[in-house]
Protein chains: 2
Amino acid sequence: MDKVKDYIEVNKDRFISELFDLLRIPSISAQSEHRPDMQRCAEYLATALVKAGADRAEVMPTAGNPVVYAERIVDPKARTVLVYGHYDVMPVDPRDEWRTDPFEPVIRDGRIWGRGADDDKGQLWMHAKAFEAMCATDSLPCNVKFMLEGEEEIGSASLYDFCRANRKLLKADIILVSDTSMLSMQTPSITCGLRGLAYMEVEVTGPDKDLHSGLFGGAVANPANVLTRLVASLIDADGRVTIPGFYDDVRELTPAERRAFNRAPFSLAAYKRSLAIGDVEGEAGYTTLERTGVRPSLDVNGIWGGYTGEGTKTVIPSKASAKISMRLVPNQDFRKVSKLFERHFKAIAPKSVKVTVKSLHGGMPYVAPTDMPAYKAAERAVTEVFGKKPLPFYSGGSIPIISGFESILGIKSLLIGFGLAEDAIHSPNESYGLEQFERGLATIPLFYKYFAESR
Amino acid sequence: MDKVKDYIEVNKDRFISELFDLLRIPSISAQSEHRPDMQRCAEYLATALVKAGADRAEVMPTAGNPVVYAERIVDPKARTVLVYGHYDVMPVDPRDEWRTDPFEPVIRDGRIWGRGADDDKGQLWMHAKAFEAMCATDSLPCNVKFMLEGEEEIGSASLYDFCRANRKLLKADIILVSDTSMLSMQTPSITCGLRGLAYMEVEVTGPDKDLHSGLFGGAVANPANVLTRLVASLIDADGRVTIPGFYDDVRELTPAERRAFNRAPFSLAAYKRSLAIGDVEGEAGYTTLERTGVRPSLDVNGIWGGYTGEGTKTVIPSKASAKISMRLVPNQDFRKVSKLFERHFKAIAPKSVKVTVKSLHGGMPYVAPTDMPAYKAAERAVTEVFGKKPLPFYSGGSIPIISGFESILGIKSLLIGFGLAEDAIHSPNESYGLEQFERGLATIPLFYKYFAESR
């Protein structure tokens, strides 16, 4: 391992400067004008993986954005690790809240600032560079495959078909994923649960044109008022989702499980301070850790209607809309929940308006067993680098494709992410600590070693 | 009167082509980039009024957009009519719903299409051209003053000071205003009541940055969810505004007044059809006519927060906002109602968020007595042109400055508008019927004649 460490030490400045080139590509999958950037980003990665030591690398087309596939087979009898990551990033608005250009990364205060610095370019780059270090020092103990997609932030639609079409190519013992966070640098953790997601868009239409709010106000249902009423009614005073059947498939934790779960270090005061909020809010009867880890939720991700410009306009808008997503937990099914949402939202709409409900995307919740060899290998590697045994952690986030991998490829995923809450992924001023990057780089080769030995 | 009629008949095509030049100026007062257009529009009108026969016309600066003042004094002992109108127009978004360019007027199906075609350029132009016709034919029976402002759509802020500073200049027996609608061409009406307005903007702030809805969803108050809850709670299941004290000063109509009020011809089926709505919605216990005419209301004019672009973004927005306006009736005071709103909105906000409340503008309700000489003169003029006695009508709209005129100048206003509901003022595809324009042109000289005779 010393050779790998030395290689990393000598080359780490170059690793960062290459990462900066990757971060400069504005590969926002949600916005179609960035389509050419997706292709450019995929090509950059394929080239980089060959330079890093892959026997082959390909930019493979899909119905959407391409998938980068690369591999190095050291021994057909050795264990095979399939590294999954995504090169697409979230939109950057509100752009004026960024203190630096989201696509011109800089290092300040020991952190890399820019869109994708953590999620997921920074994290996948640790894998590319750990792979390079092991190849260059002739110490790669496993076969390695890379599968890097460009649609994770919009639901991985094309990757499902890609997996179905490439079952043999993707054969592996474990899928290795760094797209999650740790509790803190002092409390390392490995994610063993992810919430699922059902993402909806609703539109409420009243009159067939915008109306003057003086001439019609008080007599005609205002779609923006009605939207607030309908959306507000989706959560009751106890913070519970009111959609009939929503909780039917939620697995309730046993009292023992709840006690174990709440043992993770957590300070409510520090949590509130870090978010600058006066109080938390959520489902009655559950702790904050439980609310994000093992309970489902419903959030408005966007809402719009009427006049939102400077000054005033006395208008009753013809339409008002919202994007609403629900985080799901075992054993909720996003397809069932999406249907329940749609049925309920249409049922509660008054006759004075029309509503349309669209399902934009979804994914299943996921659980990784803590007794599988890959988990044990990761636990050992993290303990060695962080000086502390990692806690198994149920993340509130969703990576819908992870449960897809299990159902399509029959392969479990190991979620060993080096992010932190302060990285502000999906927000303005996303960043990734250099120390997180370096510890990730140090941990990954150890994982390969212990995973190879666990055969 | 025949000379006036003949003059109008000979010149009416030119009147329309001049109006088109006026409509081409995008004088949107709510958007500061149109500031130069306001000045240009004012200058166009001052020049036009001198050409029409004014002894003098001036573009008078204010703290905001200029006021156009013009006058022709025929006899210091004659009655004086002060014509009020506004040359500013509403914003045009959503622009893609316009079938024609909002600032390139066209005539189709007997109507003029464009922003301001009715409100208020089309209507004030009838006054300018009726004035020209009376001057040109030497048949102007009253002194005439014009006061045309550029801030009506944003609350007439500068005009209050202008009136205070020019009390003597503006001395008149009546203020003549065409900035309202008639019930229909078959049911002419004169507006004898206007609602007041209190226009607010609220902002709900949760965490100090946008958050990932997976990592935090369910545990942190989402400002967009909270906004829907707060706004929805402002109106109860009976359609009544829940702000404490809101109804305290509302004058309730007597049973006899309600019967008289509901005698205006009105078809609920036609109303719903014209708006393409399945049902009306409003305060329980009141008719649609009452809901817009004599009852206050509360409407969301705009709402925004979070991700509103293409596709999906799994974000808990840091902030969400709404523009909310209330229409007021006698004897509500917009200053008092604005304060009640602010106090209530802050009181109902949970500790998990911060809220700010701003008052953007306001105005008092107004009532014109139907027994004043100007009303009687207008009634006679309308009866002659429309072949039917006009109904007194309580409009749901607001012209805040009208009650200001009464309190500052001590002059009543006569609201003789020739608009129709189908003109879609404030909406995309605003229009004004050529017949409305021509009947207005025919009515105004008769009003001057009967008003002069009523001395």
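**Two chains, one shared strand pairing**

A search of the whole structure turns up 61 salt bridges over all chains, a salt bridge being a side-chain nitrogen of Lys or Arg within 4 Å of a carboxyl oxygen of Asp or Glu. This is a predicted model, in which local features need pLDDT of at least 70 and side-chain atom pairs count only at pLDDT 80 or more, while totals for chains, interfaces and linings use all residues. Residues are numbered from 1 along each chain as its sequence is written, chains are lettered from A and ligands numbered from 1 in the order in which they are written, and side-chain values use heavy atoms, with hydrogens and water left out.

Reader: Which residue meets A:Arg164 in a salt bridge?
Author: Look in helix H4 (residues 157-165) of chain A, where both partners lie three residues apart, about one turn of the helix. Helices here are DSSP runs of H or I with at least four residues, and strands are E runs of at least two, numbered from the N terminus. The side chains come to 2.8 Å or less, namely 2.7 Å, N to O, and the partner is A:Asp161.Reader: How much area do chain A and chain B bury between them?
Author: Buried area is the accessible area (1.4 Å probe) that two parts lose on being put together, summed over both. Of the area here, 51% is on carbon and sulfur atoms. In chain A, the residues losing the most to chain B are A:Glu281, A:Thr312 and A:Lys313, together 10% of what that side buries. The total for chain A and chain B is about 7500 Å².

Reader: How many residues does the contact take from each chain?
Author: Contact means heavy atoms within 4.5 Å. By that rule, the count is 90 residues from chain A and 88 residues from chain B.

Reader: Which residue of chain B meets A:Glu281 in a salt bridge?
Author: Across the interface of chain A and chain B, the rule finds two salt bridges. One of them joins A:Glu281, at 2.8 Å, N to O, to B:Arg229.

Reader: Which strand gives the largest share of the side of chain A that touches chain B?
Author: By class, that side has 37 nonpolar, 34 polar and 19 charged residues. Here Ala, Val, Leu, Ile, Met, Phe, Trp, Tyr, Cys and Pro count as nonpolar, Asp, Glu, Lys and Arg as charged, and the others, Gly among them, as polar. Ten residues come from the strand you're after, E11 (residues 297-306) of chain A.

Reader: Which residue stands opposite A:Gly305?
Author: E11(A) and strand E11 (residues 297-306) of chain B pair in the antiparallel sense over five bridges; pairing takes at least two bridges found by DSSP. In E11(B), the residue opposite A:Gly305 is B:Ile303.
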